[in-house]
Amino acid sequence: TDTSDDDLVSVYSNQLTLAPPKSKRSRLGVGAVAVESGLGSETSEGLSHAKGMSTRLLPAQRTALKSFVSLTQTNEKIALTCLQRAQFNVQSAVEHYYEHQTYYETAQPNGVKGGSKVKMLFDRYANDPQDQLPDKIGPNGIMRLLDDLGLDAEDRKVLVLAYKLNAEVQCEFSWEEWKKGMEDMHVDSVDSLRQRLGQIDYGLRDLAQFKPLYTFTFTYSKAAGQRNLDIEVALAYWKILFKDQFALFPLWEEFMTVAYKKSVTKDTWNLLFDFVFSIKSDLSNYDEEESWPVVLDDFVNWARPRINSGATQS
């Protein structure tokens, strides 16, 4: 039976949602991942002659190439390199790409085609009369941008956007931040930005890519002049960042608001990330002798009887 490219893209997209990338090396740095996975010079050589190979592909391989490019919005050189490593299995190639996305981004051409399009896109949302922020995209401009992107204000991809723009102030983008961020993401339209944010958010399954966004959020979300983070703000951002990955979040939220009642330090913020992704939901592998902050020791002592009580009742 003949299968169209659109059908293949749909099939592969559905497969991807069921098969997240494996991230056994997620705690390694980007350079270590590149070395361990056999990237580096081999990938550079592959990228250098991949374009020539695209003219010698079999029909099935060309279909796989089109599907990969459609799913990832990368160029054909990177697509061919990933597909060759995966023996032209599109799902495996896409998973490989997202596991090492930061590395492959360095192989993308610098800049964005048509820089004027980036400026026109900025001007569409900047200088909103309600914001009164000259030469900047302010809160109302950002809300119009999110409407065009089809994003809710509490979607994690909104934080991804602020992170990729390296925004210094909440709900405010300068032209310099916008220009650099769009170039780094290789986008110049609402549609390409929407796709790119989705790709980056998908890649956060790899903790090595998630951690920089998490670290950025602490500084980004603080009010000017504050050293620590207000507890209400911290809880709101934790909920956005972790989504459903923190099984103990309801208990953590109750503990922070009822028992702890203090602002969140940078140390607490950073170590909670390690806690979420290393400690079991029954707290059975939590060791008080390790260098956890006092607030996490207190939380574990507070939460254990509640967890055990719930297990007994069930």
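H100 sits in the loop that joins α6 (90-99) to α7 (101-105). The model described here is a predicted one. H100 counts as buried because its relative accessibility is 4%, and buried means under 20%. In sequence, H100 is separated from D206 by 106 residues, yet in space the two C-alpha atoms are 9.0 Å apart.

**Helices α5 and α6**

The helix that leads into the H100 loop, α6, packs with helix α5 (residues 76-85); their axes come within 8 Å and cross at roughly 115 degrees. The crossing of α5 and α6 is right-handed. On the α5 side, the residues that take part are I78, C82, L83 and R85, and they meet V90, A93, H96 and Y97 of α6.

**Helices with a buried face**

An α-helix has 3.6 residues a turn, so residues three or four places apart point the same way. Two helices of this model can be read with that in mind.

In helix α9 (residues 139-149), the buried residues include G141, I142, L145, L146 and L149. Viewed down the axis of α9, its buried residues fall within an arc of 140 degrees, so they line one face of the helix. Just after α9 comes G150, which has a positive phi of about 75 degrees.

Helix α11 (residues 175-185) can be described in a similar manner. Buried residues in α11 include E177, W178, G181, M182 and M185. Seen along the axis of α11, its buried residues fall within an arc of 120 degrees, so they too line one face of the helix. Just after α11, H186 takes a positive phi of about 60 degrees.

Helix α10 (residues 156-164) contains K157. Is K157 buried or exposed? K157 is buried, because its relative accessible area is 18% and the limit is under 20%. Setting aside neighbours within four places in sequence, K157 is in contact with L151, L197, G198 and D201.

**Salt bridges**

The count of salt bridges in the model comes to twelve. Three of them are set out below, with the distance between nitrogen and oxygen.

| Salt bridge | N to O distance |
|---|---|
| K136 and E172 | 2.9 Å |
| D184 and K180 | 2.7 Å |
| K211 and D274 | 3.9 Å |

The side chains of K136 and E172 meet in a salt bridge. This pair links distant parts of the chain, with K136 in strand β1 (residues 136-137) and E172 in the loop between α10 and β2 (173-174), 36 residues apart. K136 is partly exposed, at 30% relative accessibility. E172, in contrast, counts as buried because its relative accessibility is 15%, and buried means under 20%.

The pair D184 and K180 belongs to a single helix: both residues lie in α11, four residues apart, about one turn of the helix. D184 is partly exposed, with a relative accessible area of 32%. K180 is also partly exposed, at 47% relative accessibility.

What does the salt bridge of K211 and D274 tie together? K211 and D274 form a salt bridge. K211 lies in helix α13 (residues 207-221) and D274 in helix α16 (residues 266-278), so the pair ties together parts that are 63 residues apart in sequence. K211 is partly exposed, its relative accessible area being 26%. D274 is partly exposed as well, with a relative accessible area of 22%. Elsewhere, salt bridges that share partners join R156, D201 and K243 into one network. D201 of this network is also among the residues in contact with K157.

**Helices α13 and α14**

Two packed helices are described by the angle between their axes and the distance between the axes. For α13, which holds K211, and helix α14 (residues 231-242), the packing angle is about 160 degrees, and the axes are 11 Å apart. Angles over 145 degrees count as roughly antiparallel, and α13 and α14 are therefore roughly antiparallel to each other. Their crossing is right-handed. The contact is made by F210, L213, Y214, T217, Y220 and S221 of α13, together with V233, Y237, W238, L241 and F242 of α14.

Key. Residues numbered from 1 in each chain as written. Predicted model: local features only at pLDDT ≥ 70, side-chain atom pairs only at ≥ 80, totals over all residues. Heavy atoms only, no water. Helix = DSSP H or I, 4+ residues; strand = E, 2+ residues; numbered from the N terminus. Buried < 20%, exposed > 50% of the residue type's maximum accessible area, 1.4 Å probe, protein only. Contact = heavy atoms within 4.5 Å. Arc of directions from axis to C-beta. Salt bridge = Lys/Arg side-chain N within 4 Å of Asp/Glu carboxyl O. Axes fitted to C-alpha atoms, helices over the stretch in contact; angles between N-to-C directions. Parallel < 35°, antiparallel > 145°, perpendicular 65-115°, else oblique. Left-handed = near helix turned anticlockwise from the far one by under 90°.
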